[in-house]
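Visitor: I'm new to this one, and I'd love a slow, close look at its interior. Could you walk me through the inside, from the empty spaces to the packing?

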Amino acid sequence: MNNDNSTGTTAFTDARVIVGDGTTVLDDAVITVQDGRITGLSQAPAGDLTGASVVSLRGKTVMPALVNPHGHIGYMRGAACDPGFYSRENILDHLRRFVYYGISTFQCLGTDRNGIEIAIRDEQRSGILDDPDLATFFTAGSGLVAAPGPGQASGAPFFAVDAVHQVTDPADGRAFVRELAGRKVDAVKFWIDDRGGAAAKLSPEACREIVDEAHEHGIPAAAHIYTVEDAKVALDAGADILAHMPRSPGPDQELIERLVERDTAVFTSMSVQGPTRTEWLDDPAVRETLPATAIEELRGRMRARGGEPLFDTGETYRRLQENFATLHQAGVRLVYSADTGLLAQLPGLAEHRELEALVEAGLSPIEAIEFATRRSSHLLGLTDRGTIEVGKRADLLVLDADPRADITNTRRIADVVLEGRVVDRERLRRQWRTDGE
């Protein structure tokens, strides 16, 4: 699809449109766009289109571009995750991969090194970094973990041990958050997880100081948790977001009631712990951007696990699916999260795999899409995207097949439209092929 009418009105016609509100689908619809915004949405006939550049999307399904509020950027190259890969250039590459796969917006939670992410975000927002093929970028800067204790490592994620701040006492945690606030981070991320007893864990007092300082500056605080006990510590501290659902044991009634009462957001973060099925590696969408050597390296690593997840166990994942159903049925505010950028969570593809995991956990495809568009946009405070409505940004994912029939059809991408501009995906593919040679 070509659309060179960047200053006038473009009418995308004949499409099936999934609005992104969890229910509404319009057949034979017309979306009119001007200056990057949706100016009209109706079913045919759309009225007078004189002067508009008309683009027929007959046989296509259109949905909002995805918004991922939780991942880690810059650490993966090919199918490997390593701190040695972290660089400005790799971050920019990942932001392009997000756009290529129809993700308009991405937030990195807590694994910035040397302020590189904050610098890129600031350049993007000021217009200095004026590259339309980059996803809108949010960052929490560097997160906070417990400092090492006797016989215990810090609570840092394995790929960013030296990128996060090691909190020595509650006052130190508060002081570091004050520094983050001075750099205007979009969120504050802290880890409450002893890594199965191998790591030190932030004290409840430190968690309270971290969250209190974040809230003094109007910044939301997100807590990485593993257990129900961890989740309650986070809630006691006043955390706004749980970056994972509790995995062991299942959520008790007290936790559920507190989550509902406070309307705390709980990230789904399921596919990162999913079983090591490898059939998705044969999807043409994967081969478009990943070298064959990297695909086979990842396939071998996954097969070596004999079906068990790359992280944790299959039993834990089954419990995670049960916990999702319990929380969803109770009315907990669950929000899509792909936890991109580690293990097999390939930038741009992990987001689609998370949709698949949500459907396997019991959502309908159209519900899963709402999780990944309207809900996640709302969490980031973005009122200009997330649904296909008049006045919103024209951020569109144009598909060759209807994802309501099969959620994996979100990977059958015909085109990506950002702010009304059709992304030149072939140009991006050529660049990646050149880089891989």
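Inside the fold

Guide: Let's begin with the enclosed spaces: the structure holds two cavities of 30 Å³ or more. A cavity here is a set of points, on a 1 Å grid over the protein atoms alone, where a 1.4 Å probe fits but cannot get out, and lining residues have an atom within 4 Å of a point. Keep in mind that this is a predicted model, where local features need pLDDT of at least 70 and side-chain atom pairs need 80 or more, while totals for chains, interfaces and linings take in all residues. Numbering runs from 1 along each chain as its sequence is written, and side-chain values use heavy atoms, with hydrogens and water left out.

The largest cavity offers about 70 Å³ of space, volume being the space filled by probe spheres set on the points, which are joined across faces, edges and corners. Around this cavity sit S271, V272, G274, P275 and T276, among others, with R353 also in the lining. Sorted by class, that wall has seven nonpolar, four polar and one charged residues; Ala, Val, Leu, Ile, Met, Phe, Trp, Tyr, Cys and Pro count as nonpolar, Asp, Glu, Lys and Arg as charged, and the others, Gly among them, as polar.

The second largest cavity has about 30 Å³. Its lining includes P64, A65, R385, R393 and D395, and the count by class is four nonpolar, two polar and three charged.

R393 turns up again at the second largest pocket, which has a volume of about 340 Å³: along with D131, P132, L134 and E419, R393 is one of the residues closest to its centre, out of 15 that line it. A pocket is an open set, with protein on both sides within 12 Å along at least five of seven lines. Six charged residues join five nonpolar and four polar ones in that lining.

Now for the packing. The largest nonpolar core has 107 residues, and L95, L144, V188, F190, M270 and F324 touch the most other members. Such a core is a set of buried Ala, Val, Leu, Ile, Met, Phe, Trp, Tyr and Cys residues joined through side-chain atoms within 4.5 Å, and buried means under 20% relative accessible area (1.4 Å probe, protein chains only). Leaving out residues up to four places away in sequence, F190 touches L144, L202, C207 and H224, among others, with contact meaning heavy atoms within 4.5 Å. Apart from that core lies another, of 18 residues, including V19 and V33.

Finally, the rings: there are seven aromatic pairs, meaning Phe, Tyr or Trp rings (for Trp, the six-membered one) with centres within 6.5 Å, called stacked under 30 degrees between planes, edge-to-face over 60 and tilted for the rest. F98 and F106 are stacked, 4.3 Å centre to centre with 20° between the planes; F98 is buried at 1%, and F106 at 0%. Y100 and Y101 go edge-to-face, at 5.0 Å and 85°.

Y100 is buried too, at 0%, and R425 lies over its face, 3.8 Å from the ring centre. That label needs NZ of Lys or CZ of Arg within 6 Å of the ring centre and within 35 degrees of the ring normal. Elsewhere, Y86 shares one aromatic cluster with Y75, F158 and F159, and R113 sits over the face of Y86 at 5.9 Å.

How values were computed
Buried < 20%, exposed > 50% of the residue type's maximum accessible area, 1.4 Å probe, protein only.
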